[in-house]
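User: Please take me through this model and justify each term that you apply to it.

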Amino acid sequence: MTKESQETASTNEDNKATVTVLFYEAPVGLLMKNIVLTGLDVSETGRVMLPNEFRAGKSIIAVLDGECKILNSLGERVYSQKNLV
């Protein structure tokens with residue numbers, strides 16, 4: 001991702017951010033997971049600082065501004081379909 005394509009996070013009055021993170025368990029997780037993190041620090045450049053404890057063991061796909069509800073994700077339909085013979 002280029003620097004020009006990165007957006008800054010929305011913050012509250014304490015300069016804290018709420019984000020939704022999409023990730024896979026590393027190294028070979030097959031099911032995408034998501035979690036909402038609140039009260040995160042934001043750097044002077046506007047980037048959300050994810051805690052190292054959270055990042056450990058995850059392959060982070062995307063960080064979304066605010067609380068997002070994931071309605072469908074890649075692979076969900078594949079795993080939920082029955083085999084038709």
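Analyst: In this predicted model, pLDDT, the predictor's confidence in each residue from 0 to 100, stays under 50 over residues 1-5. For residues 1-5 the model has 1 contact (heavy atoms within 4.5 Å) beyond four places in sequence.

User: What makes detailed reading unwise where pLDDT is low?
Analyst: Where pLDDT is low, the predicted coordinates should not be read in detail. Confidence is lowest in helix H2 (residues 76-80), at a mean of 57, and highest in helix H1 (residues 52-55), at 96. The chain mean is 81, and 74% of residues reach 70 or more.

User: Which conventions apply?
Analyst: Residues are numbered from 1 along each chain as its sequence is written, and side-chain values use heavy atoms, without hydrogens and water. Local features need pLDDT of at least 70 and side-chain atom pairs 80 or more, while totals for chains, interfaces and linings use all residues.

User: How do you know which pattern the protein chain follows?
Analyst: Helices (H or I, at least four residues) and strands (E, at least two) are DSSP runs, numbered from the N terminus; read along the sequence, they give β-β-α-β-α.

User: Why is the set with Ala-9 and Phe-54 called a nonpolar core?
Analyst: A nonpolar core is a set of buried (under 20% relative accessible area, 1.4 Å probe, protein chains only) Ala, Val, Leu, Ile, Met, Phe, Trp, Tyr and Cys residues joined through side-chain atoms within 4.5 Å. The largest such core has 11 residues, including Ala-9, Val-21 and Phe-54. Strand E1 (16-25) supplies the largest share, 4 residues.

Notes
Buried means under 20% relative accessible area, exposed over 50%, partly exposed in between (1.4 Å probe, protein chains only).
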